[in-house]
Structures are given as structure tokens and as C-alpha cells.
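Work through the following exercises with the sequence and the structure in view, and try each task before reading its solution.

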Amino acid sequence: MNPIVTVQDAVTAFEPWMEPTDAELDAIEAEMPLILADVDLIDAQIIALDRAPNEVDARRIRRALARVLTERTRLVNRTASVPAGGAA
């Protein structure tokens, strides 16, 4: 059995407008430290869920949460200091 692909999907699958713009890529890059900090926090929480949490797990989660909050503050301060329509 062959899969059915619509013509529209085949034609528009690789249209240039579907790619992220330079501004979107810059925004992702600016947010990357926060994204990585969030991933570390989730990893620490998953590790704690896997077994009975101990003091090391609690410290790992607190440090990861502190890093997330620090990165959020940095991101907000960076975006607040950028003039409207300007670049950093």
C-alpha cells in the first residue's frame, strides 16, 4: 500500500517562507541560556522523581531553579534595555 501525499504538501514542503527568519533565529539565540537552564531544572526534577529525593537532589533542584531565575532576569533586563525597533 502506498501512502497518499497531497499535492499541496508536496509543493509547499520546502518553501522559503517556512524557514525561521533571521530575527526569529536571533530571538532563539538570545533565549538559549534560559532554555538550557530550564532543561537542567527539568532534568533535576526527573532525577528526583526516579527515586526517593535526598539532600543532594534538593540542592540540585534549588541550584537549577536559581539558574532559571537568574537567566530569566538577565533576559528581561536585556530586552528591557533594547530600544523599540533597535538591536542590542
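A residue is called buried when its relative accessible area is under 20%, exposed when that area is over 50%, and partly exposed in between. The model used here is a predicted one.

**Exercise 1.** Decide whether E71 counts as buried or exposed, and describe its surroundings.

*Solution.* Begin with the location, which is helix 3, a helix covering residues 55–81. Next, take the relative accessibility of E71, which is 11%; because buried means under 20%, E71 counts as buried. Then look at the side chain, which is joined to the side chain of R74 by a polar contact of 3.1 Å. Finally, setting aside residues up to four places away in sequence, E71 touches P33, L34 and A37.

**Exercise 2.** Carry out the corresponding analysis for D57, and find which side chain its own side chain meets in a polar contact.

*Solution.* D57 lies in helix 3, and its relative accessible area is 1%, so that under the 20% limit it is buried. Its side chain makes a polar contact of 2.9 Å with the side chain of R51. When neighbours within four places in sequence are left aside, R51 also appears among the contacts of D57, together with I47, A48 and A52.

**Exercise 3.** Place V39 in its helix, classify its accessibility, and name the surface patch to which it belongs.

*Solution.* V39 is found in helix 2, which spans residues 22–50. Its relative accessible area is 39%, and because this value falls between 20% and 50%, V39 is partly exposed. On the surface, V39 forms a nonpolar patch with L25, I28, M32, I35 and L36, and together these residues have about 470 Å² of accessible area.

Terms used
Residues numbered from 1 in each chain as written. Predicted model: local features only at pLDDT ≥ 70, side-chain atom pairs only at ≥ 80, totals over all residues. Heavy atoms only, no water. Patch = residues over 30% accessible without salt bridge, like charges linked within 9 Å, V, L, I, M, F, W, Y side chains within 5 Å. Areas by Shrake-Rupley, 256 points an atom, 1.4 Å probe, with all protein chains shown as cover. Salt bridge = Lys/Arg side-chain N within 4 Å of Asp/Glu carboxyl O. Helix = DSSP H or I, 4+ residues; strand = E, 2+ residues; numbered from the N terminus. Buried < 20%, exposed > 50% of the residue type's maximum accessible area, 1.4 Å probe, protein only. Polar contact = N/O pair within 3.5 Å; in protein donor to acceptor, adjacent residues only side chain to side chain. Contact = heavy atoms within 4.5 Å.
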